[in-house]
Amino acid sequence: MTTHAEYTSDLLRLLSTRGYVHQMTDAAGLDALAAKQVVPGYIGFDPTAPSLHVGSLVQIMLLRRLQQAGHKPIVLMGGGTGKIGDPSFKEESRKLLTNDLIAENVASIRRIFERFLTFGDGPTDAVMLDNAEWLDALEYIPFLREVGRHFSVNRMLSFDSVKLRLDREQSLSFLEFNYMILQAYDFMELSRRAGCRLQMGGSDQWGNIVNGIELARRMDGTEVYGVTTPLITTADGGKMGKTMAGAVWLHEDQLPHFDYWQFWRNTDDRDVGRFLRLFTDLPLDEIARLEALEGAGINEAKKVLATEATALCRGRAAAEEAAETARRTFEEGAAGDSLPTLAVSGEITIVDALIGLGFCASKGEARRLIAGGGARVDGEKIADEGHVLTVANGQLRLSAGKKHHGLLVTAA
C-alpha cells in the first residue's frame, strides 16, 4: 500500500490524508496521470427524491476534493438508471419513478451541488450530465450484441450486492440485474464524451466500477481508474446519517438549518476528528488541535464541526444563525428563531405536538418518550401523556430528550 508521502499527485495526497480512500484499482497509474494532467472524474447519483441526504455527502465532498486538487468533477445524474434503481445492498426493489418526477428531482438536486462545486466551461469547472441522454436511446438488440457479450453472468452473480439479495431469497428482478451493465456503460460513454478517466463511489460500488473499467478497456482500449470510499459508520457502529427522526436531508426545505447543525453537534466524541477531515475544509493542523481537546473542550470542537459542515451545505449565514440559536437555547435557556416550529390553534396534546414537530413518528413512540421522562415544555418534564398544551399569544419550547427542541407558536 502506497503511503501518503509517496504519492506524487496533489489529488491522491489530499484524498488519502483526509480519509477518503478505501480501494483503488491502480493507485500508481492514477497517481501518475493526476500528476501530469487534469483528470475528469465522476460519481453517479440517482434522483430518487428531491434532495440527497447526509449519506451522499462523502461522495459530494469527494467531488469537491477532486476540484480543489485541480481536476474536473462530473456529476452524473441517473435520469436513465433512476428508472431502474440500483439493487446494491437493497432488501427490496425501489418504486419506479415517472419521467416528470425524475426531471423535477434532478433540477432540485442540482441546487445542492452548486453549493459544493464551481460549475462552468473551464477545464476544472464542474459539469452535470444525465445518463438518460444516452441510455434512453439504446436499442436492445444492438446493445446486447455490442456490450452485453462482455459480461459474465457467473461473475455478476458473485458480486456482494447481488449475492446478498439471493442469499436472503429476496427477489432480484431482471430489470435491476441490468443496472450494473448500464453503470459500466456509463463509465465508457463518459470516457468517450468527456474524456472521463476516473469513477469514484462508495465501497458498495466496487464491483460496478471494476465492470466499467474492464468494459472501457475491452471495447475502446482506454485505461480508466476507480476509487472507492470507506463505508462511513459512526463510532457506535451505526450507519452515518440514520437518526430516530429519519433521514438528514441536505435541502433546507426538507430539514431546517438548526436541525442540520444539531445533527453535526451531536457527533460522538470519537468521530469528531474524522468528520472534520471528511466534511469540512479546515486545515489538517487545525483539525489535529481540535480532535486533541478533551472534556468540555471536545464540545467546542463539535460546535466548530457543526458550523463548518453547515456552512458548506447551507451557507455561512445559516450556519452562524443556527450556532447562535443553539447557544441561546442551551446556554441561556432562550428560544432561538431558527428552531423547528409548529403553529397551533389554541390547544394541542403533548403527544400530537411531539409528532407534529417530527420528534416522534407515532403516538406509541411519543408515549414511550413521555413515559421515559424525555418530554419537556419550557424545561419542565411532562409525565402525563394526556397533558394538553395551551399556546395563547406566545410560544412554548418543547424538547424531546436532550437533542431535539422546537417551538409551538400561535397559529395566525
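Lys and Arg count as positive here and Asp and Glu as negative, while His and the chain ends are left uncounted. On that basis, the chain carries 45 positive and 55 negative side chains, with the centres of the two sets 2 Å apart; each charge is placed at NZ of Lys, CZ of Arg, CG of Asp or CD of Glu. What you're looking at is a predicted model, so local features need pLDDT of at least 70, side-chain atom pairs count only at pLDDT 80 or more, and totals for chains, interfaces and linings use all residues. Residues are numbered from 1 along each chain as its sequence is written, and side-chain values use heavy atoms, with hydrogens and water left out.

**Overall build**

- The chain's secondary structure adds up to 18 helices and 15 strands (DSSP runs numbered from the N terminus: H or I of at least four residues for helices, E of at least two for strands).
- With a radius of gyration of 24 Å, close to the 22 Å from the globule rule for 412 residues, the chain is as compact as a globular protein of that length (the radius is taken over C-alpha atoms, and the rule is 2.2 Å times the number of residues to the power 0.38).
- Along the principal axes, the C-alpha atoms fill a box of roughly 70 × 45 × 40 Å.
- Take the contacts between residues at least 6 apart in sequence: 71% of them join residues at least 24 apart (contact means heavy atoms within 4.5 Å).

**Surface and burial**

- Of the 412 residues, 48% count as buried (under 20% relative accessible area, with exposed meaning over 50% and partly exposed in between, using a 1.4 Å probe and protein chains only).
- The accessible surface comes to about 18900 Å², and carbon and sulfur atoms account for 50% of that (Shrake-Rupley method with a 1.4 Å probe; for residues, only the protein chains shown count as cover).
- Helix 12 (residues 257-265) has seven of its nine residues buried, so it's largely enclosed by the rest of the structure.
- Among those buried residues of helix 12 are Phe 258, Trp 261 and Trp 264.

**Confidence**

- Mean pLDDT for the chain is 87, and 91% of its residues reach 70 or more (pLDDT is the predictor's confidence in each residue, from 0 to 100).
- Among the elements, helix 3 (residues 57-68) has the highest mean pLDDT, 98, and strand 7 (residues 242-243) the lowest, 58.
- Where pLDDT is low, the predicted coordinates shouldn't be read in detail.

**Four residues to look up**

- Gln 67 sits in helix 3 and is buried at 14% relative accessibility.
- Leaving aside neighbours within four places in sequence, Gln 67 has contacts including Pro 73, Leu 117 and Asp 125. Pro 142, 75 residues from Gln 67 in sequence, is 37 Å from it in space, C-alpha to C-alpha.
- His 150 lies in the loop between helix 6 (140-146) and helix 7 (153-158), and is buried with a relative accessible area of 17%.
- Neighbours within four places aside, His 150 is in contact with Leu 215, Arg 218 and Met 219.
- Ala 288, in helix 14 (residues 284-291), is partly exposed at 38% relative accessibility. Its C-alpha atom is 9.5 Å from that of Leu 276, 12 residues apart along the chain.
- Ala 400 belongs to strand 14 (residues 395-400) and is buried at 8% relative accessibility.
- Not counting residues up to four places away in sequence, Ala 400 touches Leu 354, Phe 359, Leu 369 and Gly 374.
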